[in-house]
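Subject: Handing over the structure, with notes on what was found

Hello,

Here is the structure I promised to pass on to you, and I would be glad if you could read the notes below with the model open beside them.

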Amino acid sequence: MIQQFYPQVPHNFRYELNKDMHLAAAHFIPDSKAGQCQHMHGHTYFINITIGGDQLDELGFLINFKRIKEIVHKRYDHSVLNDHPEYKDVYPTTERVAEQIWTAIQKELSTLVHQPKCLQVVVRETPTSYVVYRPKPEDIA
Ligand SMILES: Nc1nc2c(c(=O)[nH]1)N=C([C@H](O)[C@H](O)COP(=O)(O)OP(=O)(O)OP(=O)(O)O)CN2
Ligand SMILES: [Zn+2]
């Protein structure tokens, strides 16, 4: 059972899919203002991804749950987030991690004819800290 609190995202889509996953990754925020976080350390990230849509594919899926996990987990599990090219110019803060996950998922959804949308990404970095990323309407128009 993944420990998670689920913020609701308002929408009018007929279907809403949620995928939970967790992954282990290390990171550091290389700025003295980040205090202890400037040193490499690890987290078990708990992630929830919300996808909405009005139409399903031929299997009756908005998107296969397994594909969502593949996009995120395969890329980041047991890695150092700072080593990924998307964090070359920005630090892998929880906010940026949530944003990058949204970008990767929405890129995949945009290739599907029935056009589901990624409505929300929740990333919990510690038992007491998490971020919710939601696109602006124009990002999923
Ligand atoms: N806005 C952000 N603030 C901080 C981030 C972040 O990504 N966005 N990250 C960190 C550190 O990486 C740290 O791992 C997490 O910090 P924090 O939640 O403060 O960790 P604690 O377990 O010490 O929390 P307590 O509630 O005090 O036990 C820091 N800030
Ligand atoms: Zn951290």
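The notes that follow go through the sheet, a helix, a loop residue, two backbone angles and the ligand.

Please keep in mind from the start that this is a predicted model.

The sheet

The sheet is an open one, built from five strands in the order S3-S1-S2-S4-S5, and its pairing is mixed. At its edges lie S3 and S5, the latter covering residues 129-133, and each of these two strands pairs on one side only.

If you go through the sheet pair by pair, you can start with S1 and S3, which run parallel and are joined by two bridges. Here Ala25 stands opposite Ser79 of S3, while Ala26 has Val80 of S3 as its bridge partner. On to the next pair: S1 and S2 are antiparallel and share 13 bridges, and an example to look for is Lys19, which stands opposite Ile49 in S2.

S2 also pairs with S4, again in the antiparallel sense, over seven bridges, and Phe46 has Arg124 in S4 as its bridge partner. Finally, S4 and S5 run antiparallel and are joined by five bridges, with Val121 having Tyr133 of S5 as its partner. These two strands form a hairpin, and two residues lie between them. It is also worth colouring S4 by burial, since nine of its ten residues are buried and the strand is thus mostly covered.

Helix H1

H1 runs over residues 65-76, which makes twelve residues, and the distance from its first C-alpha to its last is 17 Å, close to the 16 Å expected at 1.5 Å a residue. Which residues of H1 are buried? They are Ile68, Val72 and Tyr76. Seen down the axis of H1, the buried residues fall within an arc of 20 degrees, so they line one face of the helix. The spacing behind this is a general one: an α-helix has 3.6 residues a turn, so residues three or four places apart point the same way.

On the other side of H1 you will find Lys66, Glu70 and Lys74, which are exposed. As for the buried residues of H1, what covers them includes the strands S1 (15-27), S2 (41-53) and S3 (79-80), together with helix H2 (94-109).

A buried residue in a loop

Leu62 deserves a careful look, as it is found in the loop between S2 and H1. Is Leu62 buried or exposed? It counts as buried, because 23 C-beta neighbours lie inside 10 Å, where the cut-off for a buried residue is 20 or more. Leaving aside the neighbours within four places in sequence, Leu62 is in contact with Tyr15, Leu17, Ile51, Gly53, Leu56 and Pro116. You can also check the distance between Leu62 and Gly52, which are ten residues apart in sequence and 7.6 Å apart in space, C-alpha to C-alpha.

Two positive phi angles

His78 lies in the loop between H1 and S3, and its phi is near 55 degrees, which is a positive value in a residue other than glycine. His78 counts as exposed because it has 10 C-beta neighbours inside 10 Å, and a residue is exposed at 12 or fewer.

Gln115 lies in the loop between H2 and S4, and its phi, near 50 degrees, is likewise a positive value in a residue other than glycine. Gln115 is exposed, with 12 other C-beta atoms within 10 Å.

The surroundings of ligand 1

Which residues are around ligand 1? They are Ile29, Cys37, Thr93, Thr94, Glu95, Glu125, Thr126, Thr128 and Ser129. H2 and S4, the strand of residues 117-126, each supply at least two residues of this shell. By type, the shell divides into two nonpolar, five polar and two charged residues.

With best wishes

Conventions. Residues numbered from 1 in each chain as written. Chains lettered and ligands numbered in written order. Predicted model: local features only at pLDDT ≥ 70, side-chain atom pairs only at ≥ 80, totals over all residues. Helix = DSSP H or I, 4+ residues; strand = E, 2+ residues; numbered from the N terminus. Expected span 1.5 Å × (residues − 1). Arc of directions from axis to C-beta. Contact = placed C-beta atoms within 7 Å. Near = placed C-beta within 6 Å. Nonpolar A, V, L, I, M, F, W, Y, C, P; charged D, E, K, R; others polar. Pairing = 2+ DSSP bridges.
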